[in-house]
Amino acid sequence: MIHLVLGGARSGKSRFAEQCVAEYAAIGYQCVYLATATALDTEMSQRIHQHQQDRVSSPHGWILHEQAYDIAQTLVAIDKPQQVILLDCLTLLLTNHLLLDDGASWTMQKSLLLDSLSALQSEVVLVSNEVGSGIVPMGELNRRFVDEAGWLNQAVAAISDQVTLVVAGLPLPLKA
């Protein structure tokens with residue numbers, strides 16, 4: 001099962017995704033948190049530290065993997081039955097690759113990710129930002145980010161069994 005959870009910044013999408021994982025934890029699944037954030041400044045370092053502390057205190061007994069670039073390879077390496085993987089988040093993964101300023105890296109990793117998702121034995125919940133509801137941003141990198149995020153979300157949604165949009169903390173099923 002692949003479940004894509006979309007939403008804007010601070011929409012409640014990660015909290016909703018964690019609730020989805022809790023349903024698997026309740027029936028004995030092992031819970032894996034695959035985090036993609038990188039600490040490029042002090043504020044982001046503090047956010048990452050807070051997320052790490054939140055997971056430690058979680059009743060799910062998260063197994064944590066932090067991977068900023070090679071997500072598909074990590075998914076394949078940790079894959080097993082009776083496990084649910086929460087990947088948070090696809091748009092941070094995209095940002096990491098765009099900041100490498102290497103179009104080939106992102107194209108390859110996106111392809112590997114899409115290919116690997118359907119072959120996994122694990123249940124997967126993916127979190128991504130929905131950025132297509134705003135204005136066209138200024139700046140080449142910003143426009144590329146919006147374009148790539150939209151294409152990535154469409155591609156993942158196409159292979160997902162479920163897609164949920166979270167707005168103001170409220171989940172809206174788009175695909176069930």
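## A look around the sheet and helix 4

Let's start at a small spot: Gln-82 in this predicted model counts as partly exposed, with a relative accessibility of 48%. Gln-82 sits in the loop between helix 3 (71-78) and strand 4. The backbone there has a quirk, as Gln-82 shows a positive phi of about 60 degrees without being a glycine.

Gln-82 has company in this respect. Arg-10 is another residue other than glycine with a positive phi, near 60 degrees in its case. You'll find Arg-10 in the loop between strand 1 and helix 1, and with 71% relative accessibility it counts as exposed. Asp-101, just after helix 4, also takes a positive phi, about 55 degrees.

Now for the sheet. Seven strands make up an open sheet with mixed pairing, and the order across it is 3-2-4-5-1-6-7. The edges belong to strand 3 (63-66) and strand 7 (170-175); each has a single partner strand, so one side of each has no neighbour in the sheet. On average, neighbouring strands are turned by 20 degrees against each other, if you ignore direction. At the strand 3 edge, strand 2 (residues 30-35) runs parallel to strand 3 and four bridges join the two. Ala-35, for instance, has Glu-66 in strand 3 as its bridge partner.

What packs on this sheet? Helix 1 (residues 13-25) does. Helix 1 touches strand 1 (2-7), strand 2, strand 4 (83-88), strand 5 (123-129), strand 6 (162-167) and strand 7. The direction of helix 1 makes about 175 degrees with that of strand 5. Helix 4 (residues 90-99) takes another line: it lies across strand 1, strand 4 and strand 5, at about 65 degrees to strand 5.

Between strand 4 and helix 4 there is a loop, and Cys-89 is found in it. The peptide bond leading into this residue, from Asp-88 to Cys-89, is cis, with omega near 10 degrees. Is Cys-89 buried or exposed? It counts as buried, because its relative accessibility is 4%, and the cut-off for buried is under 20%. Once neighbours within four places in sequence are set aside, Cys-89 is in contact with Thr-36, Val-127 and Asn-129. Ser-128 is worth a look here too: its C-alpha atom is 5.3 Å from that of Cys-89, although 39 residues separate the two along the chain.

Helix 4 itself is mostly covered, with seven of its 10 residues buried. Those are Leu-90, Thr-91, Leu-93, Leu-94, Asn-96, His-97 and Leu-98. Besides lying across the strands, helix 4 packs with helix 6 (residues 140-159) at an angle of about 135 degrees, and the axes are 10 Å apart. That angle makes helix 4 oblique to helix 6. The crossing of the two is right-handed.

Which residues meet in this packing? From helix 4 come Leu-90, Thr-91, Leu-94, Thr-95, Leu-98 and Leu-99, while helix 6 brings Leu-141, Arg-144, Phe-145, Glu-148, Ala-149, Leu-152 and Val-156. Sorted by class, the contact has nine nonpolar, two polar and two charged residues. The spacing in a list like this has a plain background: an α-helix has 3.6 residues a turn, so residues three or four places apart point the same way.

Past helix 6, in the loop that leads to strand 6, is Ser-160. Ser-160 is buried, as its relative accessible area is 3%. Leaving out residues up to four places away in sequence, Ser-160 touches Ile-2, Leu-4 and Lys-175.

The start of the chain comes to this part of the model as well. Met-1 lies in the segment before strand 1 and counts as partly exposed at 28% relative accessibility. Not counting neighbours within four places in sequence, Met-1 is in contact with Tyr-24, Ser-122, Glu-123, Val-124, Asp-161 and Gln-162. Gln-121 is 120 residues away from Met-1 in sequence, yet the C-alpha atoms of the two are 8.6 Å apart.

Here are the single residues from this tour, side by side.

| Residue | Relative accessibility | Class |
|---|---|---|
| Ser-160 | 3% | buried |
| Cys-89 | 4% | buried |
| Met-1 | 28% | partly exposed |
| Gln-82 | 48% | partly exposed |
| Arg-10 | 71% | exposed |

How values were computed
Residues are numbered from 1 along each chain as its sequence is written. This is a predicted model: local features need pLDDT of at least 70, side-chain atom pairs count only at pLDDT 80 or more; totals for chains, interfaces and linings use all residues. Side-chain values use heavy atoms; hydrogens and water are left out. Two strands pair if DSSP finds at least two bridges between them. Axes are lines fitted to C-alpha atoms, for helices over the stretch in contact, and angles run from 0 to 180 degrees between N-to-C directions. Contact means heavy atoms within 4.5 Å. Buried means under 20% relative accessible area, exposed over 50%, partly exposed in between (1.4 Å probe, protein chains only). Angles under 35 degrees count as roughly parallel, over 145 as roughly antiparallel, 65 to 115 as roughly perpendicular and the rest as oblique. A crossing is left-handed if the near helix is turned anticlockwise from the far one by less than a right angle, and right-handed if clockwise. Ala, Val, Leu, Ile, Met, Phe, Trp, Tyr, Cys and Pro count as nonpolar, Asp, Glu, Lys and Arg as charged, and the others, Gly among them, as polar.
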